[in-house]
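Open the structure in your viewer and keep the sequence panel visible. The stops below are meant to be selected one at a time.

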Amino acid sequence: MTALDSEEGPAVSERSGEQAVLEVRDLVKHFPAGRAGLGLRTTRQWVRAVDGVTFDIAPGETLGLVGESGCGKSTIAKLLLRLEDPTSGHIVFGGEDVTAFKGKSLLAYRRAVQAVFQDPFASLSPRMRVRDIISEGLRIHTDMTKDEMARRVADVLDMVGMRPDVGRLYPHEFSGGQRQRIAIAKALALDAKMLVLDEAVSALDVSIRAQVITLLKDLQRELGIAYLYIGHDLATVSYLADRVMVMYLGKMVELDETVALVDEPLHPYTEALFNAALPAHPDDHDHLDTADQATAEVPSALAPPPGCHFHPRCPEAMDVCSSIYPAAVTLQTGRRIACHLHPGD
Ligand SMILES: Nc1ncnc2c1ncn2[C@@H]1O[C@H](COP(=O)(O)OP(=O)(O)O)[C@@H](O)[C@H]1O
Ligand SMILES: [Mg+2]
């Protein structure tokens with residue numbers, strides 16, 4: 001337990017009896033978004049990308065993060081990776097607040113929490129050989145000799161199912177799936193405790209995606225590494241994740257163990273998402289014609305509807321839903337939910 005524990009934190013650290021790898025408390029990120037109004041009466045507008053989100057990630061677990069495009073998933077990833085600073089709230093790692101890390105502590109944190117993004121071209125320097133890409137972190141963070149680094153590079157390439165001699169090649173000489181393996185090898189080289197996987201397999205063909213997912217699962221079993229897995233493909237998320245957090249317009253709406261959540265989604269948004277009644281991704285146009293709700297008002301983090309943000313699209317909305325945002329509660333089953341239909345027990 002840390003001094004930063006809020007009264008109503010999620011139950012994961014108590015459940016597993018282990019200290020969480022990461023504790024996120026009331027995390028907020030608002031981006032400035034121009035001004036609204038006329039003449040002197042303009043007011044600054046804010047995109048509430050992440051608006052008070054609380055969760056833990058336990059050692060060796062996968063937390064899946066799902067929700068429609070624009071709901072704040074990547075912003076959470078960037079905040080956890082310290083690529084963005086939060087507007088408010090806390091990210092606690094090893095009992096200390098990550099947002100205060102500088103110099104050595106920040107370096108140690110960056111070593112422990114690594115990322116794999118959707119586009120390996122963006123994260124793998126095109127002019128560097130694979131072995132130099134993978135050993136980059138080793139040069140920064142360790143005092144390994146050249147030989148030790150070469151051995152480590154060969155080891156992590158082996159871990160992701162690649163031969164050591166590919167180290168002399170450049171990223172463009174590989175397929176998308178292989179490049180993602182290289183990105184994973186790079187993330188593993190420093191014995192990370194946690195990987196943030198933001199749509200890491202979303203751009204891959206289905207069969208290649210399945211291979212990389214299997215690899216991630218095997219690596220987790222071997223290394224006990226924790227994952228924050230962000231994806232819009234619910235089948236993949238449910239296969240990989242121990243627990244799933246569902247977000248809607250910057251807020252957590254529901255969080256539980258994957259099996260329980262998939263079995264019995266309680267929040268109407270989760271239900272809609274799992275029934276594919278709403279597009280989980282803007283590219284999924286198939287669902288648009290079939291779901292009435294999906295044609296309702298386009299949700300925006302710039303001007304979220306008053307009350308529960310989901311109420312204009314919610315088939316079960318009540319009067320209270322349009323005026324009061326439902327507080328997040330933990331049900332007896334351990335389910336976290338923010339919905340007036342489930343006020344807690
Ligand atoms: N740097 C930024 N400046 C302004 N708005 C941003 C910035 N990054 C993200 N946003 C906005 O924040 C919201 C959440 O975005 P994002 O976290 O990328 O969502 P997701 O990954 O779930 O699709 C969106 O409305 C997006 O336009
Ligand atoms: Mg994103």
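The tour goes from the ligand to the sheet and then to two helix pairs. Keep in mind throughout that this is a predicted model.

**Stop 1: the ligand**

Select ligand 1 and display the residues around it. Starting at the low numbers, you should find Phe 31, Ala 33, Val 47 and Ala 49. Next comes a run made up of Ser 69, Gly 70, Cys 71, Gly 72, Lys 73, Ser 74 and Thr 75, and Ala 301 completes the shell. Now colour by secondary structure: strand E1 (22–36), strand E2 (43–57) and helix H2 (73–80) are the elements that give two or more residues to this shell. Which element gives the most? H2 does, with three residues. Colouring by class instead shows six nonpolar, five polar and one charged residues around ligand 1.

**Stop 2: the sheet**

Hide the ligand and show the strands. An open sheet is formed by eight strands, which you can follow in the order E6-E7-E8-E3-E9-E10-E12-E11. The pairing in this sheet is mixed. Which strands lie at the edges? They are strand E6 (113–117) and strand E11 (329–330), each of which pairs on one side only.

Zoom in on strand E3 (residues 62–66) and strand E9 (residues 243–248). These two run parallel and are joined by four bridges. To locate one of them, select Leu 63, whose bridge partner in E9 is Arg 243.

**Stop 3: helices H5 and H6**

Select residues 130–141 for helix H5 and residues 146–159 for helix H6. Their axes are 10 Å apart, and the helices pack at an angle of about 115 degrees. H5 is therefore roughly perpendicular to H6. The crossing is right-handed. To see the contact, show Arg 131, Ile 134, Ser 135 and Leu 138 on H5, together with Met 149, Arg 152, Val 153 and Val 156 on H6. By class, these contact residues are five nonpolar, one polar and two charged.

**Stop 4: helices H7 and H8**

Move on to helix H7 (residues 176–188) and helix H8 (residues 206–223), whose axes come within 10 Å. Here the axes cross at roughly 20 degrees, so H7 is roughly parallel to H8. This crossing, too, is right-handed. H7 makes the contact with Gly 176, Gly 177, Gln 180 and Arg 181, and H8 with Ile 208, Gln 211, Val 212 and Leu 215. What classes of residue make up this contact? Three are nonpolar, four are polar and one is charged.

Technical notes: Residues numbered from 1 in each chain as written. Chains lettered and ligands numbered in written order. Predicted model: local features only at pLDDT ≥ 70, side-chain atom pairs only at ≥ 80, totals over all residues. Near = placed C-beta within 6 Å. Nonpolar A, V, L, I, M, F, W, Y, C, P; charged D, E, K, R; others polar. Axes fitted to C-alpha atoms, helices over the stretch in contact; angles between N-to-C directions. Parallel < 35°, antiparallel > 145°, perpendicular 65-115°, else oblique. Left-handed = near helix turned anticlockwise from the far one by under 90°. Contact = placed C-beta atoms within 7 Å. Pairing = 2+ DSSP bridges.
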